[in-house]
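Please work through the following exercises with the sequence and the model side by side, trying each task before turning to its solution.

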Amino acid sequence: MSIHNDTPARAVETRPAPDENGIIEEYPIVDPGVEEHIDRFSDADDRAGDRAARQVLFCFALVPLLALAFVVSYFWPGFDKMIVDFGPIHSNAQHLAMGGFLGFAVLLIGVGAIQWAREIMVDAEMVEERHPATSSAEDRAAALAEVDKGIEESGISRRKVLGTSLAGAIGVTALAPLVMLLDAGPWPLPSKRRETIERTIWDAGTPAEPIYLVNDVTRSRIRAADMEIGQLINGEPENLWNYHGTDFQTEKAKAAIIVVRMDPNSIKVPERRQDWHVGGILAYSKICTHVGCPISLWEQQTHHLLCPCHQSTFDLGDAGKVVFGPAARALPQLPITVDDEGYLIARSDFTAPVGPSYFERDLYPDDKGE
């Protein structure tokens with residue numbers, strides 16, 4: 001009598017053999033391996049690959065046009081005054097156009113790059129085993145080799161126009177927003193500096209209509225005969241009150257002066273400045289050449305003018321030269337004379353820019369008190 005067991009035999013479970021360190025690596029599922037590679041349509045058909053390349057090129061080619069439209073919308077006359085009302089959109093037309101053009105330019109760069117990667121770059125599956133965190137010299141060399149391989153497989157070597165168009169698209173898009181730097185202020189060209197920070201309203205005088213020196217509080221004209229030795233008056237040009245608002249403040253900050261009278265026998269006047277004073281009456285800029293503080297602390301005996309901010313000290317009896325402190329330049333002097341009635345008038349504007357130094361500023365003989 002034979003006995004039969006219909007129960008199927010259990011499969012014998014096998015465990016992987018330990019590695020050289022005695023560690024057994026087990027995985028939750030069996031490694032299925034790399035799936036069968038199926039060529040893309042653009043790989044199997046050259047015409048499809050060329051079509052994909054044209055699509056990428058089209059995206060990149062539109063980017064410079066959008067960047068140009070961005071610049072045009074920035075400079076278009078009156079565009080910043082237009083308002084767009086469309087459903088929930090209520091916006092400045094210029095802002096909307098600039099944002100739209102630049103946004104679509106960046107979008108097309110991204111779309112072109114994705115299409116390039118999906119349809120043109122090499123499509124091959126690869127398996128890479130895990131490796132230690134530290135890379136050996138051989139691994140680093142291999143990584144660089146992979147970079148070179150990636151460049152080769154990207155298709156740039158076969159279709160160089162794609163790389164050129166991508167670089168051009170990114171470059172033009174990055175440069176387009178630079179036009180907004182124009183809003184940071186006027187370019188400090190020599191001509192612009194001469195028209196703005198290097199001139200004051202003292203230069204508006206003519207022989208027929210000179211600019212009078214007036215007291216900055218009473219606005220009364222200053223008569224030379226009324227000033228005493230050792231006296232200091234804070235002054236302004238008489239035409240200052242023709243300006244209003246921010247223009248008034250700007251011109252006042254540049255044109256402010258101090259008028260002092262000293263004994264002509266106790267001061268040193270450079271040869272080229274002999275006709276810049278009237279009987280020991282001199283006019284200097286009130287703005288310190290260090291950081292632009294207004295100064296009027298006057299020492300009668302020493303002829304020194306002290307800046308309260310950082311203690312720069314100027315000798316008004318010696319062409320405004322610096323005798324102490326961090327200031328590096330002498331105070332600019334305003335050439336003055338008198339009219340037929342003895343009132344002080346300006347001969348010209350300052351012969352050197354007033355106020356603190358700036359990067360583009362040129363050097364003048366006045367800076368050394370010459």
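The exercises below concern a predicted model, and each task is followed by a worked solution.

**Exercise 1. The sheet**

Task: Work out the order of the strands in the open sheet of five strands, and find which strands stand at its edges.

Solution: Begin with the order, which is S3-S4-S5-S6-S11, with antiparallel pairing. Next, look at the two ends of that order, where strand S3 (213-215) and strand S11 (333-334) each have a single partner strand, so one side of each is left without a neighbour in the sheet. As background, strands of a sheet pair through backbone hydrogen bonds, either parallel or antiparallel.

Now take the pairs in turn. S3 and S4 are joined in the antiparallel sense by three bridges, and here Leu213 has Pro237 in S4 as its bridge partner. Between strand S4 (residues 232-237) and strand S5 (residues 257-261), which also run antiparallel, there are four bridges. In this second pair, Ile233 is matched with Val259 of S5, while Asn234 is matched with Ile258 of S5.

**Exercise 2. Helix H3**

Task: Compare the span of helix H3 with the expected value, then find what caps its N-terminal end and what covers its buried residues.

Solution: Helix H3 (residues 93-119) has 27 residues, and the distance from its first C-alpha to its last is 38 Å, close to the 39 Å expected at 1.5 Å a residue. At the N-terminal end the cap is Asn92, which places a side-chain oxygen 2.8 Å from the backbone nitrogen of Gln94.

The next step is to mark the buried residues of H3, among them Ala97, Met98, Ala105, Leu108, Ile109, Gly112 and Trp116. In reading such a pattern it helps to recall that an α-helix has 3.6 residues a turn, so residues three or four places apart point the same way. The cover over the buried residues of H3 includes helix H2 (46-75), strand S1 (83-86), strand S2 (89-92) and helix H5 (160-175).

**Exercise 3. Two arginines**

Task: Decide whether Arg361 is buried or exposed, and do likewise for Arg40.

Solution: The cut-off needed here is that a residue counts as buried under 20% relative accessible area. Arg361, in the segment after strand S13 (344-346), has a relative accessibility of 11% and therefore counts as buried. Its side chain makes a polar contact of 2.9 Å with that of Asp367, and, with neighbours within four places in sequence left aside, the contacts of Arg361 are Arg329, Ala352, Pro353 and Asp367.

Arg40 lies in the segment before helix H1 (41-44), and at 13% relative accessible area Arg40 is buried. Leaving aside neighbours within four places in sequence, Arg40 has contacts including Ala117, Arg118, Glu119 and Ile120.

**Exercise 4. Rings and a positive phi**

Task: Describe the aromatic pair of Tyr74 and Phe75, the ring of Tyr212 with the charge over it, and the setting of His303 and Ala319.

Solution: The whole structure holds three aromatic pairs. One of them, formed by Tyr74 and Phe75, is edge-to-face, with 5.0 Å from centre to centre and 85 degrees between the planes; Tyr74 is buried, at 13% relative accessible area. Over the ring of Tyr212 sits the charged end of Arg221, 3.6 Å from the ring centre.

Turning to the backbone, His303 has a positive phi near 65 degrees and is placed in the loop between strand S7 (297-299) and strand S8 (304-306). Ala319, with a positive phi near 60 degrees, is in the loop between strand S9 (313-315) and strand S10 (321-324). His303 is buried at 11% relative accessibility, and Ala319 is buried at 2%.

Definitions and conventions:
Residues are numbered from 1 along each chain as its sequence is written. This is a predicted model: local features need pLDDT of at least 70, side-chain atom pairs count only at pLDDT 80 or more; totals for chains, interfaces and linings use all residues. Side-chain values use heavy atoms; hydrogens and water are left out. Buried means under 20% relative accessible area, exposed over 50%, partly exposed in between (1.4 Å probe, protein chains only). A polar contact is a pair of N or O atoms within 3.5 Å; within protein, one must be able to donate a hydrogen and the other to accept it, and residues adjacent in sequence count only if both atoms are side-chain atoms. Contact means heavy atoms within 4.5 Å. Rings of Phe, Tyr and Trp (its six-membered ring) pair if their centres lie within 6.5 Å; planes under 30 degrees apart count as stacked, over 60 as edge-to-face and the rest as tilted. A charge sits over a ring if NZ of Lys or CZ of Arg is within 6 Å of the ring centre and within 35 degrees of the ring normal. Two strands pair if DSSP finds at least two bridges between them. The expected span of a helix is 1.5 Å times one less than its number of residues.
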